[in-house]
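Visitor: I am new to this structure and would like a close look at a single part of it, the aromatic rings and what surrounds them. Please take me through that part slowly, and then add whatever else helps me to find my way.

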Amino acid sequence: MAKLVVHQDKINDINELISICPFGAMEENNGKLNITAGCRLCRLCVRKGPKGAVEYVEDEKKPLIDKSIWNGIAVYVEHVGENIHPVTYELIGKARELVDKINQPVYAVFVGNNLSNIAEKLLHYNVDKVFVYDDEELAYFNIEKYTNVFEDFIKNNKPTSILVGATPVGRQLAPKVAARFKTGLTADCTILDMKSTTDLVQIRPAFGGNIMAEILTPNNRPQMATVRYKVMETPAYSEDINGEIVNCKTNNIDFESNIKILDVIKKPKEENIESADILIVAGRGIKKKEDLSMLEDLADLLNGQLAVTRPLVENGWAEAKRQIGLSGKTVRPKLIMTCGVSGAIQFVAGMNNAETIFAINNDEKAPIFKYANYAIVGDIYEVIPKLIEKIKVGEKLS
């Protein structure tokens with residue numbers, strides 16, 4: 001890291017120096033010059049200001065970390081009761097792919113209570129070791145207690161990388177653990193790779209999806225990343241059991257917490273577009289809210305679900321839980337049919353792993369056609385009713 005240091009005694013005209021900054025990151029406070037958080041370290045003030053008034057100072061380089069003592073990729077096992085969240089298996093599959101490049105093991109970190117009957121499930125997915133922290137104090141997710149458990153695991157096992165599902169629980173736990181170890185965390189990764197140096201290559205959309213950022217944490221361990229459900233492939237279940245279960249002691253872990261769980265209320269089951277095999281997606285081409293019923297009819301006929309793009313949620317035409325994209329859900333259906341969707345990168349990032357993409361748009365230059373397996377250039381208000389009619393009468397679609 002670097003910073004700018006102001007030498008007040010060498011400034012003759014504060015306003016002249018303030019006018020040099022193109023980002024408006026300088027201000028006067030009680031006759032002294034302050035540099036605000038808006039500074040981009042462009043150093044124009046150093047070069048064009050009074051000599052010595054502002055100095056660019058680089059921090060001392062951090063000592064290089066000994067990467068050889070950090071070994072293995074750990075996956076946090078998210079679960080509710082006896083049900084392991086499917087994102088866990090996806091991350092295990094990706095971890096196995098990554099460790100094969102560096103000849104290291106895959107770990108699973110399982111935290112909760114009464115886990116003995118379900119921990120073995122993980123051994124069917126080619127995990128080398130499942131570290132089980134089983135205690136009544138861990139029966140329900142508690143950010144303070146679970147962070148302390150993770151600290152114990154990291155100190156004792158030193159994994160080079162940790163993968164966590166980008167779920168409501170994972171998005172709380174991962175940053176807390178990363179902060180405790182003063183290491184980096186990349187959220188919502190869409191691509192992961194591994195260098196021979198054991199540096200984890202973390203790739204995710206940035207600047208509203210306009211670029212794909214490649215992020216490395218070369219001088220910190222462990223490296224941490226969260227990944228959304230449905231982004232990675234689920235590995236095949238094996239009848240054979242590989243690996244071992246390691247039961248970890250909990251009597252040395254601090255379970256003191258300022259959080260008290262008073263009650264746990266189960267949410268009623270509801271439709272989830274993430275688990276749908278068929279999705280019909282409404283985009284900006286829909287002229288008014290009432291027209292969504294046309295796409296709902298098509299979804300019903302195909303035993304699918306209706307999904308939408310961000311503008312429809314912002315208009316109040318659909319619930320946020322139906323939104324696909326960087327600020328919505330990531331899906332991986334067998335068939336996705338986009339209707340009047342332009343194909344902005346923010347949307348595509350949430351659905352481009354679908355098995356089959358069928359796009360309908362009246363603009364032949366719409367970006368969505370770059371990703372589509374099948375495409376129709378036409379008005380959805382003409383195409384969809386004909387499609388519904390043919391499905392109803394059982395005609396072969398052409």
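**Rings and their surroundings**

Guide: R43 lies over the face of Y56, at 3.9 Å from the ring centre, and this is a position in a predicted model. A comparable placement is found for R40, which lies over the face of F23, with 5.9 Å to the ring centre.

From charges over rings we can pass to rings beside rings. A pair of aromatic rings is described by the distance of the centres and the angle of the planes. Counted in this way, with centres required to lie within 6.5 Å, the model holds nine aromatic pairs. One of them joins Y125 and Y237, whose centres are 5.7 Å apart and whose planes stand at 75° to each other, so that the pair is classed as edge-to-face, given that an angle over 60 degrees is what the class requires. This pair links distant parts of the chain, for Y125 belongs to the loop between β8 (106-112) and β9 (129-134), while Y237 belongs to the loop between β15 (223-227) and β16 (244-247), 112 residues apart. The two partners can also be described by their accessibility: Y125 has a relative accessible area of 15% and is therefore buried, the limit being under 20%, whereas Y237, at 46%, counts as partly exposed. Elsewhere, ring pairs link Y76, Y107, F131, F150 and F153 into a cluster.

To help you find your way beyond the rings, two further residues may be taken in turn. Q305 lies in strand β18, which covers residues 305-308, and Q305 is buried because its relative accessible area is 12%, under the limit of 20%. A polar atom of the Q305 side chain lies 3.5 Å from the backbone oxygen of N272. N272 also appears among the contacts of Q305 once neighbours within four places in sequence are left aside, together with E271, I273, A276, I278, L279, I280, A299 and R322.

The other residue is G325, placed in the loop between α7 (310-314) and β19 (335-339). With a relative accessible area of 2%, G325 is buried. When residues up to four places away in sequence are not counted, G325 touches R228, Q346, F347 and G350. For G350 the separation can be stated in two ways, since G325 and G350 are 25 residues apart in sequence, yet 4.2 Å apart in space from C-alpha to C-alpha.

Definitions and conventions. Residues numbered from 1 in each chain as written. Predicted model: local features only at pLDDT ≥ 70, side-chain atom pairs only at ≥ 80, totals over all residues. Heavy atoms only, no water. Helix = DSSP H or I, 4+ residues; strand = E, 2+ residues; numbered from the N terminus. Buried < 20%, exposed > 50% of the residue type's maximum accessible area, 1.4 Å probe, protein only. Polar contact = N/O pair within 3.5 Å; in protein donor to acceptor, adjacent residues only side chain to side chain. Contact = heavy atoms within 4.5 Å. Phe/Tyr/Trp six-rings, centres within 6.5 Å; stacked < 30°, edge-to-face > 60°. Lys NZ or Arg CZ within 6 Å of the ring centre and 35° of its normal.
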